[in-house]
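Student: I should like to understand how the terms used for a protein structure are justified. May I put some questions to you while we look at one?

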Amino acid sequence: MMKIKIVTALICFQLVIVSCQKEEKKTVTTETKITNDTIKTVKTEEKINYSNFNIFSLSVISSAEKDSDMDIFISVSDIYKGEQPIPADIVKNYKQMSFEERQHFELDAPSRKKLLDGMHLTEHDSLYIYEYGANKLQRMPISQLKAVAYLSPYSDDQDLDPDSYMMGFQVATHQKTTEYDRYNNAIAYFGSKNPFVENKMKAVKWQKAGADISKKYFSHSKLALGKTYQSQYENLTYYLQDYLEEGNTVERKLAVINDRKEKIAEKTFSLAGSDGGEFMPLYGIDADEANISQWTGHLFKGKPPVIFGFMAQSFGCPSISFLDQKEKDFPINCDNRH
């Protein structure tokens with residue numbers, strides 16, 4: 001699902017979670033609009049079932065024991081349905097346990113089965129991690145992954161219950177800073193088939209566009225016009241328009257134009273109604289290669305191109321948008337529960 005290139009420190013009270021969720025969060029947006037123009041879609045013989053399809057971010061977790069060592073963890077609590085798989089003795093006896101014992105533990109066999117059943121997975125399925133920024137695909141059989149629980153940083157350590165925990169799978173342990181940075185621009189999927197298209201994603205690098213673009217491709221707004229930017233992907237040109245209120249950017253509109261100068265998609269990103277929201281920096285304008293936020297290209301097999309990474313919020317999770325009005329956004333599950 002879904003990091004951009006910013007790792008967010010959620011909290012530090014002997015447990016620090018750094019999530020790749022500070023890319024585009026759920027925002028106040030319009031529906032993507034598109035004409036009947038044909039958009040290039042990567043063809044594949046392998047058919048992917050996108051009903052009940054879920055993608056996930058990867059979290060980086062540091063324990064109080066050794067801050068220099070990080071664990072890579074995928075929480076599935078956002079979509080888990082069923083009885084909480086936290087062992088009863090953990091909740092019953094947590095006051096007699098040390099903080100280290102109750103903050104992180106591997107699920108026993110019955111609890112692991114509950115977790116898999118609740119996600120409609122089997123030991124024969126796999127975890128697919130696609131690092132779209134580096135074009136690296138990793139497959140891990142679920143049978144080889146530890147099912148684990150981490151205490152949520154927003155839980156009351158003196159009053160624990162099963163909902164106090166984030167449940168999921170451990171991907172790696174004892175990762176150094178240079179190693180876990182690779183998961184900034186990565187998403188994960190659990191299933192029997194790889195849904196990701198490889199080597200077709202590109203960072204959106206912006207440059208300033210001419211003043212005539214605003215009148216040509218963007219509708220009138222009560223807000224004051226700000227700067228206009230543009231970028232290119234294959235046969236598509238992306239235009240981004242800033243709108244100002246009291247000199248501050250409060251809204252951005254995206255228009256996607258094909259090589260016949262037709263507008264095939266548009267989307268609005270707004271701070272209005274977003275709690276703690278902010279615009280992500282634009283690569284090429286106010287961000288360098290080390291801080292890329294916006295990405296575009298073919299990411300999912302049999303699906304139109306995507307674009308994401310325009311906003312970040314304190315609440316909610318990222319989402320990936322398609323350049324096709326018939327396609328709904330794919331939320332990236334991130335267990336952002338504060």
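Student: Where is the place of Ala 287?

Tutor: This is a predicted model. In it, Ala 287 sits in the loop between β19 (278-279) and β20 (295-297).

Student: Why is Ala 287 called buried or exposed, whichever applies?

Tutor: The relative accessible area of Ala 287 is 15%. Buried means under 20%, so Ala 287 is buried. Ala 287 also lies 9.5 Å from Lys 205, C-alpha to C-alpha, although the two are 82 residues apart in sequence.

Student: Is Tyr 150 buried or exposed, and what makes it so?

Tutor: Tyr 150, which belongs to strand β10, has a relative accessibility of 2%. The limit for buried is under 20%, and Tyr 150 therefore counts as buried. Its C-alpha is 4.6 Å from that of His 104, with their positions 46 residues apart in sequence.

Student: What share of the protein is buried?

Tutor: Of the 338 residues, 55% are buried. The protein exposes about 15,700 Å², and 46% of this comes from carbon and sulfur atoms. As for its elements, there are 5 helices and 24 strands.

Student: How do you know that Cys 317 and Cys 334 form a disulfide?

Tutor: Their sulfur atoms are 2.0 Å apart. A disulfide requires cysteine sulfur atoms within 2.5 Å, so Cys 317 and Cys 334 qualify as such a pair. The structure holds 1 disulfide. This pair links distant parts of the chain, 17 residues apart: Cys 317 is in the loop between β22 (311-312) and β23 (319-322), and Cys 334 is in the segment after β24 (330-333). Both cysteines, Cys 317 and Cys 334, are buried.

Student: What makes the contact of Lys 200 with Glu 234 a salt bridge?

Tutor: The closest N and O atoms of Lys 200 and Glu 234 are 2.9 Å apart. The criterion is a side-chain nitrogen of Lys or Arg within 4 Å of a carboxyl oxygen of Asp or Glu, and therefore the contact of Lys 200 with Glu 234 is a salt bridge. It is one of 11 salt bridges in the structure.

Student: Why is Lys 303 called buried or exposed, whichever applies?

Tutor: Lys 303 has a relative accessibility of 11%. Since buried means under 20%, Lys 303 counts as buried. The side chain of Lys 303 meets that of Glu 327 in a salt bridge, 2.7 Å from N to O. This pair links distant parts of the chain, Glu 327 in the loop between β23 and β24 and Lys 303 in the loop between β20 and β21 (306-308), 24 residues apart. Glu 327 has a relative accessible area of 21% and is therefore partly exposed.

Student: Why is Asn 52 called buried or exposed, whichever applies?

Tutor: Asn 52 has a relative accessibility of 77%. Exposed means over 50%, so Asn 52 counts as exposed. Asn 52 is in the loop between β3 (28-29) and β4 (55-56), and its phi is positive, about 55 degrees, although Asn 52 is not a glycine. Most residues other than glycine have a negative phi.

Student: Which residues form the negative surface patch?

Tutor: Asp 156, Asp 159, Asp 161 and Asp 163 form that patch. Among them, Asp 161 lies in the loop between β10 (146-151) and β11 (165-175). Patches are made of residues with over 30% relative accessible area, and Asp 161 meets that condition because its value is 34%.

Methods. Residues are numbered from 1 along each chain as its sequence is written. This is a predicted model: local features need pLDDT of at least 70, side-chain atom pairs count only at pLDDT 80 or more; totals for chains, interfaces and linings use all residues. Side-chain values use heavy atoms; hydrogens and water are left out. Patches are made of residues with over 30% relative accessible area and no salt bridge: like charges are joined within 9 Å, nonpolar side chains (Val, Leu, Ile, Met, Phe, Trp, Tyr) within 5 Å. Accessible areas come from the Shrake-Rupley method with a 1.4 Å probe; for residues, only the protein chains shown count as cover. Lys and Arg count as positive and Asp and Glu as negative; His and the chain ends are not counted. The place of a charge is taken as NZ of Lys, CZ of Arg, CG of Asp or CD of Glu. Helices (H or I, at least four residues) and strands (E, at least two) are DSSP runs, numbered from the N terminus. Buried means under 20% relative accessible area, exposed over 50%, partly exposed in between (1.4 Å probe, protein chains only).
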